[in-house]
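Work through the exercises below with the structure open beside you, and try each task before reading its solution.

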Amino acid sequence: MATPYSGPVFVTVDGLVLLQSSKVTMEFDSGNKDVMTILLGCAGHSTGPQMVTINVDSAVPAAGVEGNIPSLVLAAATHVLGFKIAGTTYTAEGDIRTTSLSGSVGDPNATSFTFHGKITAVA
């Protein structure tokens, strides 16, 4: 019997579902640091500030970049991103740090952005 797998992942920016996404990744960082001592060596770890990084690659429709992400980077404001995978939605609050636009022969125009923030809800 075949194993059922989850449907596509998707991301929202301030409530807008990004329909043109071609690749979405999310990385969790505990922020923990090793505690090193002279006599014990690696004695354990200290709890650090948790962070999440979300990377999104998208195709660019003829009407323009979906969600107008470049203007969001320039505004340097706080945004809410939702990342849904396998029936679970991770909601994070933070900022969009970088974005890029690209085009090349034989490929669709593309954009990508990186979001840094903190998980505020898991549902």
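**Exercise 1: exposure of two rings**

Phe28 has a relative accessible area of 53%, in a model that is predicted. Decide whether Phe28 and Tyr90 are buried, partly exposed or exposed.

Solution. Exposed means over 50% relative accessible area and buried means under 20%. With its 53%, Phe28 is therefore exposed. Tyr90 has a relative accessible area of 21%, and so counts as partly exposed.

**Exercise 2: the aromatic pair**

Find how many aromatic pairs the whole structure holds, and describe the geometry.

Solution. A search of the whole structure gives 1 aromatic pair, and it is formed by Phe28 and Tyr90, whose ring centres are 5.6 Å apart and whose planes make an angle of 70 degrees. Planes over 60 degrees apart count as edge-to-face, so this pair is edge-to-face. Phe28 belongs to strand 3 (residues 21-29) and Tyr90 to strand 8 (residues 88-104), so the pair ties together parts that are 62 residues apart in sequence.

**Exercise 3: the sheet**

State the order of the strands in the open sheet, and name its edge strands.

Solution. The open sheet has 7 strands in the order 2-1-7-8-9-6-3, with antiparallel pairing. Its edge strands are strand 2 (16-17) and strand 3, each of which pairs on one side only. Strand 8 and strand 9 (residues 107-122) pair over 13 bridges in the antiparallel sense.

**Exercise 4: a histidine in strand 7**

Determine whether His79 is buried or exposed, and find its polar partner.

Solution. His79, which is found in strand 7 (residues 79-85), has 6% relative accessibility and counts as buried. The side chain of His79 makes a polar contact of 2.7 Å with the side chain of Asp14.

How values were computed: Residues are numbered from 1 along each chain as its sequence is written. This is a predicted model: local features need pLDDT of at least 70, side-chain atom pairs count only at pLDDT 80 or more; totals for chains, interfaces and linings use all residues. Side-chain values use heavy atoms; hydrogens and water are left out. Rings of Phe, Tyr and Trp (its six-membered ring) pair if their centres lie within 6.5 Å; planes under 30 degrees apart count as stacked, over 60 as edge-to-face and the rest as tilted. Helices (H or I, at least four residues) and strands (E, at least two) are DSSP runs, numbered from the N terminus. Buried means under 20% relative accessible area, exposed over 50%, partly exposed in between (1.4 Å probe, protein chains only). Two strands pair if DSSP finds at least two bridges between them. A polar contact is a pair of N or O atoms within 3.5 Å; within protein, one must be able to donate a hydrogen and the other to accept it, and residues adjacent in sequence count only if both atoms are side-chain atoms.
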